[in-house]
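Student: I would like to learn how to read a structure step by step, with a reason given for each answer. Could we work through this one together?

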Amino acid sequence: MLLTLQSAVEDIKESHTTEVSKIARIAAHGSLMGARGNSGVILSQIFRGFGNAVQQKSELDPAELAQAFEEAANAAYRAVIKPTEGTILSVAREAGRSAVAAAHEAGVTPADVIKAAAAGAKVAVERTPSQLKILQEAGVVDAGGYGLQIMLEGMVRSVEETGADALAPPPPRVAAQSALELPEEGWGYCTEFLIRGEALDVERLREEIAALGNSALVVGEPDLVKVHVHTDDPSRVIALASSHGRIDRLSVGDMSSQHQRIRQESSVGAQVAAGGRPPQAAAQPARANGVGLVTVVSGPGLVEIFRGLGADATVEGGQTMNPSTQDMLAAVESVPYDEVVLLPNNRNVVLAAAQVPGLSGKRVHVVPTESVPQGIAAIVAFNPERPVDQNLQEMRKAAGHVQTIEVTHAVRDSRSNGLRVKKGDVIALINDKLKHAGADYGSVVRAALDGIKAADYELVTIYRGLQATDVEAEKLSEAIRGRFPGLEVELQAGGQEHYPFILSVE
Amino acid sequence: MSRRFRVVTDSTSDVPPAWRERFGIEVVPLTVLFGNESFRDGVDLSDDEFFSRLRGASKLPTTSAPAPGDFAAVYERLSRECDGVISIHLGGNLSGTVDSARLGAQAVDGFPVHVVDSRSVTMCVGFLSRLAAESTSLEEAVQRVEERVPRLRILALLDTLRYLEMGGRVTRAQALVGTVLDVKPIMGVAEGRISALDRVRTRRKALPRLVELFHQDEPVERVAVMHAEAPEEAQQLRARLAEGLPGAVEIEMSQIGPVLATHTGPGAVGIAYIKAG
């Protein structure tokens with residue numbers, strides 16, 4: 001939400017305009033281009049409603065201002081298919097109502113209207129736990145609604161102070177930098193290649209290569225291993241790898257220059273392609289149906305998997321780092337196809353992704369995948385020989401057939417779905433719903449698999465995240481094989497953050 | 001036996017042994033090499049022996065086409081028994097077998113050998129061999145076989161692309177298969193071209209997809225279900241196919257021979273058929 005607001009603020013500053021209708025229009029556009037996450041997208045719609053209400057106006061009186069607040073809330077409601085009370089939506093509505101009520105008072109000033117909106121928002125935020133059971137169980141208020149309250153309170157402070165003093169110093173550009181890992185000893189070279197050979201020892205290679213750099217990712221099979229490493233001395237890595245097998249598709253990128261370029265570009269365009277790599281669209285063979293594939297994903301292993309299955313560009317994005325509409329738009333524009341299928345792969349990204357078709361000159365189709373397994377199922381179902389309509393149908397169907405289990409640790413004590421969870425517990429979310437908690441990965445995952453009747457399925461794929469070790473992953477595979485001898489278990493290095501394991505059951 | 005012409009094929013045609021005897025079809029073996037050990041396909045090496053060796057092998061076997069001399073020897077022998085030969089083989093885009101056959105034919109002076117590039121493999125070639133053998137003359141056989149070459153189709157689910165890739169027949173990109181995740185390709189062979197038709201993550205999804213692809217090509221005049229150590233799935237596939245087929249079309253069933261299985265890998269299951277003209 002902060003990033004969304006920053007995007008709007010920067011555009012306004014650059015415009016040097018003082019006319020309210022223009023400022024509101026720029027805020028609407030800037031926030032939409034920078035929209036991240038559900039709350040961010042809704043915020044952009046709030047700005048849009050506000051902007052529509054103040055069209056053609058160079059100044060606002062208190063009644064017009066209040067009306068604009070109300071229209072902002074209405075626009076936000078219209079943008080959401082299933083509006084939920086107890087979220088930023090109801091907070092926006094209460095802010096609008098309070099503003100309109102205040103505007104009817106005699107002798108009211110614009111500052112009074114804004115104060116009333118902020119006060120209305122505050123009351124609404126306090127009410128959110130009573131409206132949403134999950135908030136109550138977790139003992140928190142709605143974050144998006146609270147964010148809107150803080151914004152309105154900021155406006156109050158701004159109008160109470162005078163002109164220029166009210167402007168805060170420009171915010172640091174957190175967004176662009178946090179998308180990249182900062183090695184302590186410098187940027188070095190992003191080195192990638194395949195090793196072809198026989199009986200390659202993946203574990204040993206991983207150890208040896210990890211010793212020569214950081215962010216090392218070494219994955220594969222005994223006959224084919226993919227290496228990705230950031231190193232100051234690519235030649236040593238290559239020499240080491242050549243002693244094990246034949247090197248293929250070598251690519252060495254200077255990350256210092258990459259980093260500078262990213263800093264020079266606007267914060268948003270820089271994140272296209274995970275790890276700061278430019279989209280590698282040109283390397284792909286031309287596709288018979290002329291349809292490109294863009295996907296949101298983070299974690300080097302998962303990025304590699306999506307690329308291997310045909311993704312033309314990937315947009316860095318994960319559980320807490322939602323990509324903006326602009327990031328996705330830039331990726332869509334970067335691929336050499338006029339028609340593009342976009343996979344958001346996270347429930348919180350679906351809404352921002354849904355804005356892309358309206359902004360792009362290309363024909364963009366969003367298959368609303370809500371998890372990594374759904375995204376992989378969808379992209380596997382894509383066939384370059386098939387027309388796009390048929391592909392969309394198959395991709396949606398495939399995404400709907402896969403079960404997602406996300407495994408992580410609880411960040412606080414809570415009660416949810418009748419489940420008592422202590423901070424630090426291993427928890428499993430089945431299709432985004434918290435279902436199981438316990439002391440260790442094996443028991444929690446087994447319970448989750450029992451819960452979805454995994455014996456009726458054929459294949460479990462485990463995507464190991466950064467927080468889990470190889471040994472833990474092997475133990476988990478064994479635990480699953482022991483419980484479900486009929487299931488095939490495949491282990492992949494995903495490299496994702498936040499989830500030590502993501503499991504796909506199909 | 002006095003017949004005016006004979007039919008020759010190679011071991012990748014997967015002609016059932018019963019047809020060989022009944023129709024007098026000659027089968028020239030390709031070679032399978034495990035390291036330095038070489039085996040004549042189906043002669044020194046049975047299907048079962050092959051798969052048990054494959055499981056134990058540290059290195060994948062390789063295959064090679066018969067030498068022109070192998071063909072010449074067969075044609076030479078047949079030239080004393082009949083007036084001509086139709087020799088129907090594995091697609092020239094997949095193997096050098098048909099070129100060897102042509103060179104072998106040139107070595108036998110004054111004996112008509114009509115070499116046909118089937119542009120296909122397995123029971124598609126098997127069906128053509130039988131059709132040729134059932135013809136009343138060499139001319140009729142050549143005509144019946146050549147008109148069917150463009151209508152031969154194969155659909156196959158491979159358990160892994162590894163074998164086909166190692167054999168250099170197809171790249172991972174062509175097969176729509178990535179380098180990291182285990183994806184099972186559904187491949188097709190039509191008019192000499194190997195192409196990826198689809199990809200699936202689980203075998204259960206693959207069988208209905210094979211049937212669906214098959215239905216798009218109906219009507220058909222001959223059908224066979226082929227497998228490499230996957231008899232149960234082959235039976236299931238056969239049952240699914242039988243539901244939709246007119247009673248007149250029988251479904252042959254057979255195991256893929258060692259040379260072809262070297263490229264498909266174990267676990268492959270597929271349909272070989274001739275589209276109706």
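Student: Among contacts in chain B between residues at least 6 apart in sequence, what percentage join residues at least 24 apart?

Tutor: Keep in mind from the start that this is a predicted model, in which chain B has a mean pLDDT of 90 and 96% of its residues reach 70 or more. Chain B contains 10 helices and 13 strands, and 49% of its 277 residues count as buried. Among its contacts between residues at least 6 apart in sequence, the share that joins residues at least 24 apart is 72%.

Student: Which strands are the edge strands of the open sheet in chain A that has the order 6-5-7-8?

Tutor: In general, strands of a sheet pair through backbone hydrogen bonds, either parallel or antiparallel. Here four strands of chain A form an open sheet with parallel pairing, in the order 6-5-7-8. An edge strand pairs on one side only, and in this sheet of chain A that holds for strand 6 (313–315) and strand 8 (363–366).

Student: By how many degrees are neighbouring strands of this sheet turned against each other on average?

Tutor: The sheet in question is the open one of chain A with the order 6-5-7-8. With direction ignored, its neighbouring strands are turned against each other by an average of 25 degrees.

Student: Which helix of chain A packs on the sheet, touching strand 5, strand 6, strand 7 and strand 8?

Tutor: Strand 5 and strand 6 of chain A pair in the parallel sense over three bridges, and Thr295(A) stands opposite Thr314(A) in strand 6. The helix that touches these two strands, and also strand 7 (339–343) and strand 8 of chain A, has a direction that makes about 175 degrees with that of strand 6. This helix covers residues 325–334 of chain A and is helix 14.

Student: Why are the buried residues of helix 18 of chain A on the same side, and how many degrees does their arc cover?

Tutor: Helix 18 (residues 388–401) of chain A has 14 residues and reaches 20 Å from its first C-alpha to its last, close to the 20 Å expected. Its buried residues include Asn391(A), Met395(A), Ala398(A) and Ala399(A). They lie on the same side of helix 18 of chain A because the arc they cover around the axis is only 100 degrees.

Student: Which exposed residues does the face of helix 18 of chain A turned away from its buried side carry?

Tutor: The buried residues of helix 18 of chain A have a cover that includes strand 5 (291–296) and helix 17 (372–380) of chain A. On the face turned away from that buried side, helix 18 of chain A carries the exposed residues Asp389(A), Gln390(A), Lys397(A) and Gly400(A).

Student: Is Glu229(B) buried or exposed?

Tutor: Most residues other than glycine have a negative phi. Glu229(B), in the loop between strand 11 and helix 9 (231–244) of chain B, has a positive phi, near 55 degrees. A residue is buried if 20 or more other C-beta atoms lie within 10 Å of its own, and because Glu229(B) has 21 C-beta neighbours inside 10 Å, it counts as buried.

Student: Is the peptide bond from Glu218(B) to Pro219(B) cis or trans?

Tutor: Most peptide bonds are trans. Pro219(B) lies in the loop between helix 8 (203–215) and strand 11 (220–227) of chain B. The peptide bond from Glu218(B) to Pro219(B) has omega near 0 degrees and is cis.

Key:
Residues are numbered from 1 along each chain as its sequence is written. Chains are lettered from A and ligands numbered from 1 in the order in which they are written. This is a predicted model: local features need pLDDT of at least 70, side-chain atom pairs count only at pLDDT 80 or more; totals for chains, interfaces and linings use all residues. The expected span of a helix is 1.5 Å times one less than its number of residues. A residue is buried if 20 or more other C-beta atoms lie within 10 Å of its own, exposed if 12 or fewer, and partly exposed in between; C-beta atoms are placed from the backbone. The arc is that of the directions from the helix axis to the C-beta atoms. Two residues are in contact if their C-beta atoms, placed from the backbone, lie within 7 Å. pLDDT is the predictor's confidence in each residue, from 0 to 100. Two strands pair if DSSP finds at least two bridges between them. Axes are lines fitted to C-alpha atoms, for helices over the stretch in contact, and angles run from 0 to 180 degrees between N-to-C directions.
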